[in-house]
Amino acid sequence: YTGLITRTPGEYSSTMISLWIYDIRNDSITNNVLLADVFGDAGAIEVINTYLYFDKNNQLNAFTYKYTSYDHSVEEETDTTIEVSHNYYLTKIGFSKVDKISTDSIKLYNQFKNQIKKMACY
């Protein structure tokens with residue numbers, strides 16, 4: 001297997017960075033994982049950053065931080081509400097399958113707070 005890190009088309013331009021798992025023997029892509037992206041339009045912002053690492057068992061994992069915000073004043077000038085969310089995901093990346101290990105944002109924040117500081121979107 002070979003991991004290919006690629007820049008692929010996003011909503012308006014080539015902003016997405018993905019990891020594609022290539023099976024050399026079968027000459028096929030077995031999986032892909034979105035690693036990073038930036039999107040903004042009409043008051044909405046989404047930024048995705050991923051930290052790839054090998055755990056103590058030499059298993060490749062991806063810790064993903066997804067920041068989103070929406071400015072309501074785009075639709076209603078007097079509404080100055082800005083919704084913001086910070087979500088975290090931990091994924092185990094195998095040769096033929098990708099498994100979400102956790103979507104517990106509070107636990108993952110505490111576990112990866114040093115990495116989050118380095119990859120903080122906003």
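Where does Leu108 sit? Leu108 is in helix H1, and it makes a handy way into this predicted model. Beyond that helix, the main feature to look for is an open sheet of seven strands with antiparallel pairing. Aromatic pairs also turn up, seven of them across the whole structure, along with one salt bridge.

**Around Leu108**

- With a relative accessible area of 1%, Leu108 is buried, because the cut-off for that label is under 20%.
- Leaving aside residues up to four places away in sequence, Leu108 touches Phe63, Tyr88, Tyr89, Leu90, Ser102, Thr103 and Ile116.
- Leu108 and Tyr65 are 43 residues apart along the chain, and their C-alpha atoms are separated by 9.7 Å.

**The sheet**

- Reading across the open sheet, the strand order is E1-E2-E3-E4-E5-E6-E7.
- Strand E1 (2-8) and strand E7 (98-102) stand at the edges; each has a single partner strand, so one side of each has no neighbour in the sheet.
- From one strand to the next, the twist averages 25 degrees.
- E1 and E2 run antiparallel and are joined by seven bridges. Thr8 has Met16 in E2 as its bridge partner.
- Strand E2 (residues 16-23) also pairs with strand E3 (residues 28-41), again in the antiparallel sense and over seven bridges.
- Two bridges to look up in that second pairing: Ser18 has Leu34 in E3 as its partner, and Ile21 has Asn31 in E3.

**Loops with a positive phi**

- As background, most residues other than glycine have a negative phi.
- Asp27 goes the other way, with a positive phi of about 50 degrees although it is not a glycine.
- Asp27 lies in the loop between E2 and E3, and the hairpin of those strands has four residues between them.
- Asp27 is also exposed, at a relative accessible area of 57%.
- Ala42 is another non-glycine residue with a positive phi, near 45 degrees. Look for Ala42 in the loop between E3 and E4.

**Aromatic pairs**

- Tyr12 and Phe39 have ring centres 5.9 Å apart and planes at 10 degrees, so this pair counts as stacked; the label needs planes under 30 degrees apart.
- That pair links distant parts of the chain: Tyr12 is in the loop between E1 and E2, Phe39 is in strand E3, and they are 27 residues apart.
- Tyr12 is exposed, with a relative accessible area of 58%, whereas Phe39 counts as partly exposed at 23%.
- Tyr53 and Phe112 also pair up, this time tilted, with 5.8 Å centre to centre and 55 degrees between the planes.
- Tyr53 lies in strand E4 (residues 44-54) and Phe112 in the loop between helix H1 (105-111) and helix H2 (113-119), so this pair ties together parts that are 59 residues apart in sequence.
- Both of these partners are buried: Tyr53 has a relative accessible area of 17%, and Phe112 comes in at 5%.
- Tyr53 and Phe112 also belong to a cluster linked by ring pairs, together with Tyr51, Phe63, Tyr65, Tyr88 and Tyr109.
- Two members of that cluster, Phe63 and Tyr88, are also among the residues that Leu108 touches.

**Charged side chains**

- The salt bridge is between the side chains of Glu46 and Lys66, at 3.4 Å from N to O.
- Glu46 is in strand E4 and Lys66 in strand E5 (residues 60-71), 20 residues apart, so to speak a link between distant parts of the chain.
- Glu46 counts as partly exposed at 23% relative accessibility, and Lys66 is partly exposed too, at 24%.
- Lys100 lies over the face of Tyr89, at 5.2 Å from the ring centre. Tyr89 is also one of the residues that Leu108 touches.

How values were computed
Residues numbered from 1 in each chain as written. Predicted model: local features only at pLDDT ≥ 70, side-chain atom pairs only at ≥ 80, totals over all residues. Heavy atoms only, no water. Pairing = 2+ DSSP bridges. Axes fitted to C-alpha atoms, helices over the stretch in contact; angles between N-to-C directions. Phe/Tyr/Trp six-rings, centres within 6.5 Å; stacked < 30°, edge-to-face > 60°. Buried < 20%, exposed > 50% of the residue type's maximum accessible area, 1.4 Å probe, protein only. Lys NZ or Arg CZ within 6 Å of the ring centre and 35° of its normal. Salt bridge = Lys/Arg side-chain N within 4 Å of Asp/Glu carboxyl O. Contact = heavy atoms within 4.5 Å.
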